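Q: Please take a close look at the salt bridges of this structure. I would like to know which charged residues are paired and how well each partner is covered.

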Amino acid sequence: MERKPCRAGDYQNTYMIGGPGVHPRDTARPPSGGAVRRSPARIGGTGRGGKGVPDVDREAALRAVLADVSAECGPGLRALTGAAERRAYETDALTAHRILPGLVLLPADRSQVAPIVRACLRHGVPYVARGAGTGLSGGALPSESGLVISLARLNRILEVDPDRRTAIVEPGTTNLSISAAAGEYDLYYAPDPSSQVVCTIGGNVAENSGGAHCLKYGFTSHHVLAVEVVLPDGSVAVLGSDDIEAPCYDAPGYDLRGVFVGAEGTCGVATRIAVRLLRRPEVVRTLVADFPDVPSACDTVSAVIAAGIVPSAIEMMDNLAIRACEDAVHAGYDRNAAASLIIELDGPAEECTELFEKVSAMCTAHGCARLRIAADAAERAAIWAGRKAAFAAMGRLSPEFLLQDGVVPRTRLAEALTGIAGLAAGAGLRVANVFHAGDGNLHPLVLYRADAGQEPAAAALAAAIAELCVALGGSLSGEHGIGVDKACSMPEMFSPADLTAMDRLRAAFDPSGLCNPGKVFPTPALCGESRAGAYQPHPLEETGKIQRW
């Protein structure tokens, strides 16, 4: 995928190796102070998150790591060394980016994670922790010749405490299974990403995932009380509480839990997570409001919130998304609607009934052409099945798509969608929109065909949409994270000083730069030179001065 030139020159020059600045990782700099050489046959070298790591022979380093952890962890640790086995870990759900890891390790219990991290530090091997691989920003993309720590086997729900309304889980636990376990006590876990059947709580913590009901109930960060973490130096710490088995709701001191949640796996590896559980609401009411045009639907969203009503969810789909979802799931959507809102309210019966009537009236007042009210739990489940199948349903429209998740103010939703339509027309591509309208978290899906040579145009369009959100007073990401996908756009939202401060914080956790390097921050290698998809030779390679390994 074609990347645009990095526009973070001032930020890069602040303390790039060999540059004028001082950085916490400078203690790892070679005595000469010059740039560390990087070659395809070696790991380490320069780059955000990998600065100052000496080059090491990749095969020797990985063999050394495997020997060390095998001796310390025993036969319970699984190692995947064959190319075919490792291939399953070369990408997350953002499949436009692929890098084959050098080694994949699957610990059997959390005690095996720290030895792996210590071995990586000892031998200079970059690593990334991985859950189910459902991320949509390239956050779990491995480093070339690096190591993947798959946490899929750490999938136990260790405790559900109905009195405290908490649960303690391992990072490989799926999101939905927490609610299933807590349901025995009439409790549930609120964050509900569309992939909640398969996505893991460890990945949710890394990206600070939200979901349809985050409008009322908040994101992962609002529901994680404490995290047990293997820090990049191999030590184990609990962030957010003195005791993860008795987590407190407001621990004193710096909010290191808040730093870790949403740090995209760059500050350590979570091994146990204490989450908050909520009581299931007394009543849930759901409607689908179909509109003849997109602005009317957007105006309805603003009107509901302006009236002081906070539904548990307000979702929106445009016509392209509606037709794809209906064809895939047969949820009863109107294929002729220009836009549809899914609005859900929950809470005490009397309050919910009163507010539901007000919301229904607002939809009608703003030109709603059809109002469908779910008659029972089965119909409500069908409505949500259609919405949550949206990304998979895009396969009916296009063999490939890129997904963004920028945020705009609610009052500028119509302006944003108009802008996206204009950008799409200019690029000659289609964009389907299905998103969390209540908090302005857009999910535009850029549809393209790689075999038709449309990938560069799709990548440029996706980046332009993300930056449009920033220009409208919003954010590059609401819940999917920055990863590698939006790293080059970070200077559109943050100043060089902002980026420097964030990277210094990251370096305080990970001075070696080995923990999920190359994510979040723009680098010349990522934003100026890298290509995904079909291989494109470097100009020096074309002249015969260098060779590809």
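A: A residue is called buried when its relative accessible area is under 20%, exposed when the value is over 50%, and partly exposed in between. By this rule Glu 90 counts as buried, because its relative accessibility is 9%. The model is a predicted one.

Glu 90 is paired with Arg 98 in a salt bridge, and the closest N and O atoms of the two are 3.0 Å apart. Arg 98, with a relative accessible area of 47%, is partly exposed. This pair is one of the 22 salt bridges that a search of the whole structure finds.

A second pair consists of Arg 272 and Glu 245, whose closest N and O atoms are 3.2 Å apart. Arg 272 belongs to strand β12, while Glu 245 sits in the loop between β11 (236-239) and α8 (256-260), so this salt bridge ties together parts that are 27 residues apart in sequence. Here the arginine is the buried partner: Arg 272 has a relative accessible area of 10%. Glu 245, at 49%, is partly exposed.

A third salt bridge joins Asp 290 to Arg 370, with 2.8 Å between the closest N and O atoms. Asp 290 is in strand β14 (residues 283-291) and Arg 370 in strand β17 (residues 370-373), so the pair links parts that are 80 residues apart in sequence. Asp 290 is buried, with a relative accessible area of 1%, whereas Arg 370 is partly exposed at 33%.

Some of these contacts are connected with others. Arg 110, Glu 228, Glu 245 and Arg 272 form one network through salt bridges that share partners.

Strand β12, which holds Arg 272, also has a part in the second largest pocket. The space in this pocket is about 840 Å³. Its lining comprises 47 residues, and those closest to the centre are Thr 134, Gly 135, Leu 136, Cys 199 and Glu 207. At least two lining residues come from each of β5 (127-130), α6 (201-207), β12 (269-276) and α13 (390-393). Helix α6 gives the most, with 6 residues. Sorted by class, the lining has 19 nonpolar, 22 polar and 6 charged residues.

A nonpolar feature of the surface may be set beside the charged pairs. Leu 176, Val 197 and Val 198 form a nonpolar patch there, with about 250 Å² of accessible area together. Leu 176 is located in helix α5 (residues 175-182) and counts as partly exposed, at 37% relative accessibility.

Technical notes:
Residues are numbered from 1 along each chain as its sequence is written. This is a predicted model: local features need pLDDT of at least 70, side-chain atom pairs count only at pLDDT 80 or more; totals for chains, interfaces and linings use all residues. Side-chain values use heavy atoms; hydrogens and water are left out. On a 1 Å grid over the protein atoms alone, a cavity is a set of points where a 1.4 Å probe fits but cannot get out, and a pocket is an open set with protein on both sides within 12 Å along at least five of seven lines; lining residues have an atom within 4 Å of a point. Grid points are joined across faces, edges and corners, and a volume is the space filled by probe spheres set on the points. Helices (H or I, at least four residues) and strands (E, at least two) are DSSP runs, numbered from the N terminus. Ala, Val, Leu, Ile, Met, Phe, Trp, Tyr, Cys and Pro count as nonpolar, Asp, Glu, Lys and Arg as charged, and the others, Gly among them, as polar. Patches are made of residues with over 30% relative accessible area and no salt bridge: like charges are joined within 9 Å, nonpolar side chains (Val, Leu, Ile, Met, Phe, Trp, Tyr) within 5 Å. Accessible areas come from the Shrake-Rupley method with a 1.4 Å probe; for residues, only the protein chains shown count as cover. A salt bridge is a side-chain nitrogen of Lys or Arg within 4 Å of a carboxyl oxygen of Asp or Glu. Buried means under 20% relative accessible area, exposed over 50%, partly exposed in between (1.4 Å probe, protein chains only).
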